[in-house]
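User: Could you take me through one helix of this model in close detail, and then show me how its surroundings and the rest of the chain look? I'd enjoy a connected account rather than a list.

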Amino acid sequence: MNLDMEKINVLWADDEIDLLKPHILFLKDKGYEVQAAKSGDEAIELISKNEYACILLDENMPGISGLETLTHLKAKYPELPVIMITKSEEEYVMEDAIGSKISDYLIKPVNPNQILLSLKKTLDNKRLISEKTTSNYQQEFRQIGMSLSDRLSWNEWLDVYKKLVYWELELDKSKDESMIEILKMQKSEANKLYGKFIENNYVGWINGKTPNAPLFSHTIFKAKVAPLLDKEETTFVVLIDNLRYDQWKIIQPIVSEYFKIEEEDLYSSILPTATQYARNAFFAGLMPSEIEKRFPKLWLNDEEEGGKNLHEEELLIDQLKRLGKDVKVSYNKITNHAAGKKLSENISNLLQNKLNVIVYNFVDMLSHARTEMEVIRELADDEKAYRSITLSWFEHSPLHDILKQIAAKKCKLVITTDHGTIKVSEPSKVVGDKNVNTNLRYKQGKSLDYVKKDVFEIRNPADVFLPKQHVSSAFVFVKEDKFFAYPNNFNYYVNYYRNTFQHGGLSLEEMIIPFITLSSK
């Protein structure tokens, strides 16, 4: 609200209001129209007849007290901001007032500037924060843009992505749609350049020929989890399927109530950024073709029928043996609310184990449900809403209770994921035979025809340790926010999948994912 453009109506209730005329004149000069009341009863009557932006309320008045007046007002007008003013510094008075959801608390004597600052903070807080956020991002926009023009290393890309996510969350609080649109464009440009970066480095990294490689799905467990098993505490690894970095940042404040963050890492999912590849690699400590070779009966390729992530526990136990970690371990996969509740009731039974792994599937189910269910589409129709629904789920989920119990038992905790997801908007035409997989962000098979500029292509899967199902098999990973669509029934297909959240391809959101190490507070 612009204070210079219109008067803002304020009611000031104080039995010594006549002594406050200089304050009232000062506020009038600053754009406030102040009406006076000398008692709680008079204030209640005036509020019933007039509209006020805020109430200044003295705590110690004859008749009904300020606290009694406050209780009456909050019962009838819960959204009306109230600033409490009192001579008392006694703690119980402050606690009573704060418990009644006041907007601010001032102790007499107050000067006019204190009152003005409190009014501004109460009435203009959201606008001022929004303007400050917008201004700060405008400055950072130029710096991010300049860094994108450099040849960035992996660690520099992590810094860029962290900044983009930070501003995404900050601008969520803003109503400056133009600035939000600018951020989207900058993120889109970053994804375009990141795609080129991965094309230039991925094969070399996976083969150990390019230096400064990130930790990947198949190396993160050995590097970050295995050392924890040499310590005294029980370790819990909670892998939330499909959890993006921005979604972690949204739930972080809740987790931080019980845990101290020891290390916040970002690592890279392998390609494809899909559960059967990335999560199996995480638990096996091996790339997909290595898993297929070592466990031919456990690995299923895209063309084969059956669940592709049914043997994670066996892969985990085998990796622990190879790492020389002879420890008691449990593995639990949670795919519904009832299973989560049951696990929550049995957490204490897991304390005898050195390592407890919990795979939690909610976020992955949310992204699939959003594609398939109209009601979920409407609830999470943009990135901000998608984050919001993730937060709401977490707050009320058995997982929240499980984490509180882990914190109470003084255990070590790792929160991580297998891959992220991206909101897709642009179709990219692809043609293949009937055996080509259905994923919208990567295709695997023979006789593939696609738009080359849209994809990162791996003509020989063995180059990046992916299974080769046929002599002419290839993998293609779509880049940026594109998704594969077949020419047959193209328009229907595009309308159905546009603006859904997908994974399997190459983007910042899918590949750069959180790995958080925590300890109980």
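Analyst:

**A close look at helix α12**

Happy to. In α12, the residues E312, L315, L316, D318, Q319 and L320 are buried. Please keep in mind that this is a predicted model. An α-helix has 3.6 residues a turn, so residues three or four places apart point the same way. With that in mind, look at the buried set again: E312, L315, L316 and Q319 belong to it, and these four also take part in the contact with α10.

What covers the buried residues of α12? The cover includes the helices α8 (220–225), α10 and α11 (288–294), together with the strands β8 (329–334) and β9 (355–360).

Of these neighbors, α10 deserves a longer look. Helix α10 spans residues 275–284 and α12 spans residues 312–322. Their axes lie 7 Å apart, and the two helices pack at an angle of about 35°. On the α10 side, R279, N280, F282, F283 and A284 make the contact, and they meet E312, L315, L316, Q319 and R322 of α12. Sorted by class, that contact has 5 nonpolar, 2 polar and 3 charged residues.

The backbone around this pair has some details worth checking on your screen. Just after α12, G324 adopts a positive phi of about 75°. On the other partner's side, P272 sits in the loop between β7 (259–268) and α10, and the peptide bond leading from L271 to P272 is cis, with omega near -5°. Another cis peptide bond runs from K108 to P109, with omega near 0°; P109 is in the loop between β5 (104–107) and α5 (112–148).

Positive phi values also turn up in residues other than glycine. F465 has a phi of about 55° and is placed in the loop between β15 (455–458) and β16 (474–478). E480 has a phi near 55°, and this residue lies in the loop between β16 and β17 (482–485). Are these two buried or partly exposed? The line between the classes is drawn at 20% relative accessible area. F465 has 23%, so F465 counts as partly exposed, whereas E480 has 15% and is therefore buried.

A charged residue elsewhere makes a good companion to the buried E312 and D318 of α12. R387 is located in helix α16 (residues 383–395). Because its relative accessibility is 2%, R387 counts as buried. Leaving aside residues up to four places away in sequence, R387 touches E168, L169, D172, R244, D246 and I250.

Now for the chain as a whole. The chain holds 19 helices and 19 strands, and its C-alpha atoms fill a box of roughly 95 × 55 × 40 Å along the principal axes. Of its 521 residues, 54% are buried. Among contacts between residues at least 6 apart in sequence, 74% join residues at least 24 apart. The accessible surface comes to about 24400 Å², and carbon and sulfur atoms account for 50% of that. As for charge, the chain has 68 positive and 78 negative charges, whose mean positions are 5 Å apart.

To return to where we began: α12 has buried residues covered by elements that include α10, and the packing of those two helices is at about 35°.

How values were computed. Residues are numbered from 1 along each chain as its sequence is written. This is a predicted model: local features need pLDDT of at least 70, side-chain atom pairs count only at pLDDT 80 or more; totals for chains, interfaces and linings use all residues. Side-chain values use heavy atoms; hydrogens and water are left out. Axes are lines fitted to C-alpha atoms, for helices over the stretch in contact, and angles run from 0 to 180 degrees between N-to-C directions. Contact means heavy atoms within 4.5 Å. Ala, Val, Leu, Ile, Met, Phe, Trp, Tyr, Cys and Pro count as nonpolar, Asp, Glu, Lys and Arg as charged, and the others, Gly among them, as polar. Buried means under 20% relative accessible area, exposed over 50%, partly exposed in between (1.4 Å probe, protein chains only). Accessible areas come from the Shrake-Rupley method with a 1.4 Å probe; for residues, only the protein chains shown count as cover. Lys and Arg count as positive and Asp and Glu as negative; His and the chain ends are not counted. The place of a charge is taken as NZ of Lys, CZ of Arg, CG of Asp or CD of Glu.
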